[in-house]
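Here are a few notes to read with the model open beside you. Take them one at a time and look for each residue as it comes up.

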Amino acid sequence: MRIKNFLVIVTALFTLSCAGNSSKNSNAKPVATVEVDALLTGATEYVDKVIEIEGICTHICQHGGRKMFLMGSNDTKTIRIESGNLGAFNQRCQNSVVKVIGTLCEERIDEAYLQNWEAAVAANTAEQHGDGESGCDTEKKARGETATTTAERIADFRTKIAARKAAEGKEYLSFYYVVAESYEVLE
């Protein structure tokens, strides 16, 4: 009986020690290894492509652990990583250098997006992240948001969309994130 218990404990410890060090091997080869700062400035070049990126994990969302944020040269250079089919990120990632292989995606916020958000708020069906109505502070910082209420955030997005339309002719804002295929804690 003791040997059986010992084997169960050893197996459990081995499984826990390996979980999060790397998760699922990616079959797709990255087209590029990109630093966070470079990715943020040249993201359009990599949309829908598999990339490899490394950064310090500054935050893992408490609501399910399916989002983490990797920091580049400073805390204003941050990209969101979503776990996709990997499940929750291992908490060991927090405050560690993490290497991620995944696909870069673009999220566009336009007037239709904002109207749907307002309708969801009015119907009390809006998705909540973070504490209170202000949303996840880490995600807001990654997107350059400073507003504190949902109404202020929506108004701020409209102002930024108008400015981008005037400057570039584009009636939307682009935010980028990576859907992870695998990740590894390096330090």
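1. Start with the outward-facing part of helix α5: A151, T159 and A166 are exposed, on the other side of the helix from its buried residues. Keep in mind that this is a predicted model.

2. Now turn α5 around. Its buried residues are T150, R153, I154, D156, F157, I161 and R164. They cover an arc of only 160° around the axis, so they sit on the same side of α5.

3. What do those buried residues pack against? Their partners are β5 (97–109), α3, α4 (137–142) and β6 (173–185).

4. Let's zoom in on one of those partners. Helix α3 (residues 111–122) packs with α5 (residues 150–168) at an angle of about 170°, and the two axes are 11 Å apart. Angles over 145 degrees count as roughly antiparallel, so that is the label for α3 and α5.

5. Who touches whom here? From α3 come E111, L114, Q115, W117, E118 and V121, and they meet T150, R153, I154, F157, R158 and I161 of α5. The residues of this contact are a mix: six nonpolar, two polar and four charged.

6. A quick sanity check on length. With 19 residues at 1.5 Å a residue, α5 should span 27 Å. The expected span uses one less than the number of residues, in case your own sum comes out differently. The end C-alpha atoms of α5 are 26 Å apart, which agrees.

7. Last stop: G169, just after α5, takes a positive phi of about 80°.

Notes: Residues are numbered from 1 along each chain as its sequence is written. This is a predicted model: local features need pLDDT of at least 70, side-chain atom pairs count only at pLDDT 80 or more; totals for chains, interfaces and linings use all residues. Side-chain values use heavy atoms; hydrogens and water are left out. Axes are lines fitted to C-alpha atoms, for helices over the stretch in contact, and angles run from 0 to 180 degrees between N-to-C directions. Helices (H or I, at least four residues) and strands (E, at least two) are DSSP runs, numbered from the N terminus. Angles under 35 degrees count as roughly parallel, over 145 as roughly antiparallel, 65 to 115 as roughly perpendicular and the rest as oblique. Contact means heavy atoms within 4.5 Å. Ala, Val, Leu, Ile, Met, Phe, Trp, Tyr, Cys and Pro count as nonpolar, Asp, Glu, Lys and Arg as charged, and the others, Gly among them, as polar. Buried means under 20% relative accessible area, exposed over 50%, partly exposed in between (1.4 Å probe, protein chains only). The arc is that of the directions from the helix axis to the C-beta atoms.
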